[in-house]
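The report below follows a two-chain model from a single helix, through one residue and a sheet, to the contact between the chains. Please read it with the structure open.

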Amino acid sequence: MSTDPAVPTTNPSLQSNSPIRLISNFLYRHSCLATGLLLLLPLLWLVVIYLGSLGTMLIQSFYTYNRYTGQIIEEFSLDAYKEAFTDPDLSPPNKDVIKRTVRMAAAVTIAAAILAFPLAYYMARYAGPKMKGALYLGVMLPLWSSYLVRVYAWKLILAKDGVMTWFLEKLGLMPVLEWLLDIEGIGGNSLSTSYIGVFLVFLYVWMPYMVLPINAALERVPKSLTEASSDLGARPWYTFLRVILPLSFPGVVAGSIFTFSLTLGDYIIPSVIGTSSYFLGALVFTQRGTVGNWPLAAVLTLVPVVIMMVYLSVAKRLGAFDAL
Amino acid sequence: MTVSDPRQVAIRFTDVARHFGNVKAVDHVSLDIYDGEFFSLLGPSGSGKTTCLRMIAGFESPSSGSIQLYGEEVSKMPPYERDVNTVFQDYALFPHMSVQKNIAYGLMVKRVPRKERERRVSEILDMVQLTTLGKRKPSQLSGGQRQRVALARALVNHPRVLLLDEPLGALDLKLRQQMQIELKAIQQRVGITFIYVTHDQEEALTMSDRLAVFNHGKIEQVGTPAEVYERPATSFVASFVGVSNFVESDQAFKITGESKSFTLRPEKIRLTTPDSSTPADCYGLNGTIRDVIYLGMYTRYLVDTEAGIDLTVVVQNLESTSSDVFAARKRPVKILWQKAHNRVVEE
């Protein structure tokens with residue numbers, strides 16, 4: 001024991017009964033209360049604001065919109081559902097919009113997975129620490145700049161006399177571009193006014209959301225597993241199909257949940273790029289904003305929610321979450 | 001291979017080096033491992049033993065030198081074309097496959113027909129005593145069971161050489177000792193060359209037919225366990241394999257009259273009373289017991305000798321109790337050992 005008064009033998013805070021000490025000790029003994037306090041704000045946010053607004057929307061979908069007075073009648077009915085799926089007067093028919101949106105989301109998701117996998121694989125397996133850092137930065141950098149600016153930039157890139165056309169001309173690929181734009185259904189006057197253009201911009205904008213989860217999944221596959229596979233006589237392709245792909249598939253599914261649901265809900269890209277034909281998000285925006293038909297907008301918003309729920313349950317069946 | 005040695009060489013390292021940047025992980029190693037041997041690569045971590053194993057498996061290729069597998073040059077051959085299999089330190093079982101699928105993997109790759117595949121898998125499951133666990137996933141097994149699956153997955157392919165990378169490292173002492181005996185029995189039954197990497201000298205001594213002691217990327221000594229233990233070639237081997245007293249040349253001069261450093265195993269030294277005489281074939285030193293470490297089965301004494309060196313002496317607790325041995329502290333003693341037990345080593 002030291003007799004020097006400058007060096008106290010015990011922590012002075014243990015001798016006082018300061019309120020901080022009392023609270024700390026109380027919370028230490030009652031760890032349930034401590035975790036409860038920790039979760040209070042996030043739970044408030046999730047339950048009240050997030051689930052609350054979803055619930056409100058669900059309720060609104062059962063209201064009726066009076067087309068002539070523009071008033072919303074707050075009584076239970078299925079009118080909005082009938083209108084959404086069967087009304088033949090609507091132009092364009094909602095069913096077509098849903099089909100178009102789902103097809104676009106699927107195409108974007110598949111293309112993103114195919115493009116993202118090799119990059120994510122390279123980052124996880126071969127890139128050195130510096131290269132890896134540069135690639136992470138490169139993948140995430142677009143997320144730091146304004147989404148709108150990027151979309152309008154793409155409009156210029158894809159315009160009839162834009163950079164893309166110029167570039168393809170230099171490469172002598174104009175016939176390919178013309179052939180693509182001539183394809184019925186996805187072509188158009190120029191890239192920026194075709195579904196191909198919409199697809200390209202979606203692909204660009206959502207790519208980071210595919211690369212990062214796949215990369216995270218691949219990082220978790222121990223290198224010794226690929227070694228074990230080749231040790232047992234498997235060539236690299238066999239190892240990829242039997243070991244790497246199954247173990248990183250949860251990452252692909254996680255990424256596809258992002259790209260698929262973000263494409264389903266986006267209304268800006270199809271309104272800036274493309275043929276000005278409706279996608280689901282734009283349709284909701286119009287019904288909610290311009291028309292004021294809240295019940296119909298609510299029903300149309302529930303469509304992607306239902307689609308995603310089906311999607312997730314299929315993914316679960318496929319065992320995509322087994323390795324989580 | 002020398003002409004007089006009739007044994008077939010399974011693995012031959014000729015002047016093999018492996019550099020990682022400036023680090024010489026393996027520094028010009030030459031080594032012959034014979035067919036059917038249980039051969040251990042023993043050394044501390046970073047001594048190059050694992051790199052050597054990985055070069056045999058094909059996960060690393062040598063920076064220079066040649067590696068032959070049954071006479072065939074393999075140093076540039078990919079792992080999937082080599083007739084060797086590995087039991088990994090972390091077992092590396094495929095987590096998405098059942099035990100059976102894990103074991104059948106190598107046979108699937110080689111397109112062995114289903115009937116034969118199933119027969120061989122169930123046979124090997126019997127051999128490693130996991131008959132009933134074939135349907136489980138690796139995550140549902142204990143460490144010891146996973147270790148057996150890893151062994152079965154490698155052995156089912158009947159490789160010419162089996163490589164084991166510290167396979168028992170993660171198991172507890174009892175299980176490890178049991179597996180040591182079992183591994184040795186399995187090796188003798190299947191007759192495959194086993195190359196076993198370990199940092200545990202006791203394990204290497206228990207199991208090996210021969211072993212190579214690695215240090216700083218080089219081989220310090222190759223020999224049978226008895227040779228390596230009883231006639232360590234270098235002071236490193238003497239200190240790494242078992243426990244040794246190391247006496248440097250100038251102090252050695254005071255004892256032997258020659259300035260050659262030597263090592264001396266602590267169990268070879270006898271403790272007697274200070275007035276006892278020194279037999280002609282023995283060295284004797286007077287001293288004081290400085291410290292006593294009671295270890296249950298035996299006691300380790302640290303003796304300050306008149307020659308100015310500390311020697312460790314190990315005595316089995318044949319009749320003495322713990323209170324007896326602790327009472328020995330500070331007591332003057334004489335230590336005696338046979339001259340033949342001095343091992344002159346390079347420094």
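In this predicted model, helix H2 of chain A covers residues 31-60, and because each residue is expected to add 1.5 Å, its 30 residues should span 44 Å, which agrees with the 41 Å between its end C-alpha atoms. The helix H2(A) nevertheless bends by about 45° at Leu40(A), where a proline, Pro42(A), follows within four residues. Is H2(A) largely in the open or buried? The number of buried residues among the 30 of H2(A) is zero, so the helix lies largely in the open.

A contrasting setting within chain A is offered by Leu264(A), which belongs to helix H11, residues 236-265. Leu264(A) counts as buried because 23 C-beta neighbours lie inside 10 Å, where 20 or more are required. Once the neighbours within four places in sequence are left aside, the residues in contact with Leu264(A) are Thr101(A), Ala105(A), Leu280(A), Pro304(A) and Ile307(A). Met308(A), which is 44 residues away from Leu264(A) in sequence, has its C-alpha atom 9.3 Å from that of Leu264(A).

Turning to chain B, the model contains 10 helices and 18 strands there, and the C-alpha trace of the chain spans about 80 × 45 × 40 Å along its principal axes. Of the 347 residues in chain B, 39% are buried. Among the contacts in chain B that link residues at least 6 apart in sequence, 63% join residues at least 24 apart. The chain is divided into domain 1, residues 9-240, and domain 2, residues 264-344, and the centres of these two domains of chain B, taken over C-alpha atoms, are separated by 40 Å.

Within chain B, four strands form an open sheet in the order S2-S1-S4-S5, with antiparallel pairing. Strands S2 and S5 (72-73) of chain B stand at its edges, and because each has a single partner strand, one side of each is left without a neighbour in the sheet. Two of the strand pairs in chain B are set out below, each with one of its bridged residue pairs.

| Strand pair | Residue ranges | Sense | Bridges | A bridged pair |
|---|---|---|---|---|
| S1(B) and S2(B) | 9-20 and 23-34 | antiparallel | eight | His19(B) and Lys24(B) |
| S1(B) and S4(B) | S4(B): 64-69 | antiparallel | five | Thr14(B) and Ser66(B) |

The hairpin formed by S1(B) and S2(B) has two residues between the strands, and Gly21(B) takes a positive phi near 60° in this hairpin. In general terms, the strands of a sheet pair through backbone hydrogen bonds, in either a parallel or an antiparallel sense.

What does each chain bring to the contact between chain A and chain B? The contact takes 17 residues from chain B and 16 residues from chain A. On the side of chain B that touches chain A, the elements giving two or more residues are strand S6 (84-87) and helix H2 (99-109) of chain B, and the largest share, three residues, comes from H2(B). Sorted by class, this side of chain B has 10 nonpolar, five polar and two charged residues.

Terms used
Residues are numbered from 1 along each chain as its sequence is written. Chains are lettered from A and ligands numbered from 1 in the order in which they are written. This is a predicted model: local features need pLDDT of at least 70, side-chain atom pairs count only at pLDDT 80 or more; totals for chains, interfaces and linings use all residues. A residue is buried if 20 or more other C-beta atoms lie within 10 Å of its own, exposed if 12 or fewer, and partly exposed in between; C-beta atoms are placed from the backbone. Two residues are in contact if their C-beta atoms, placed from the backbone, lie within 7 Å. Ala, Val, Leu, Ile, Met, Phe, Trp, Tyr, Cys and Pro count as nonpolar, Asp, Glu, Lys and Arg as charged, and the others, Gly among them, as polar. Domain bounds come from an automatic or database domain assignment. Two strands pair if DSSP finds at least two bridges between them. The expected span of a helix is 1.5 Å times one less than its number of residues. The bend at a residue is the angle between axes fitted to the seven residues ending there and the seven starting there.
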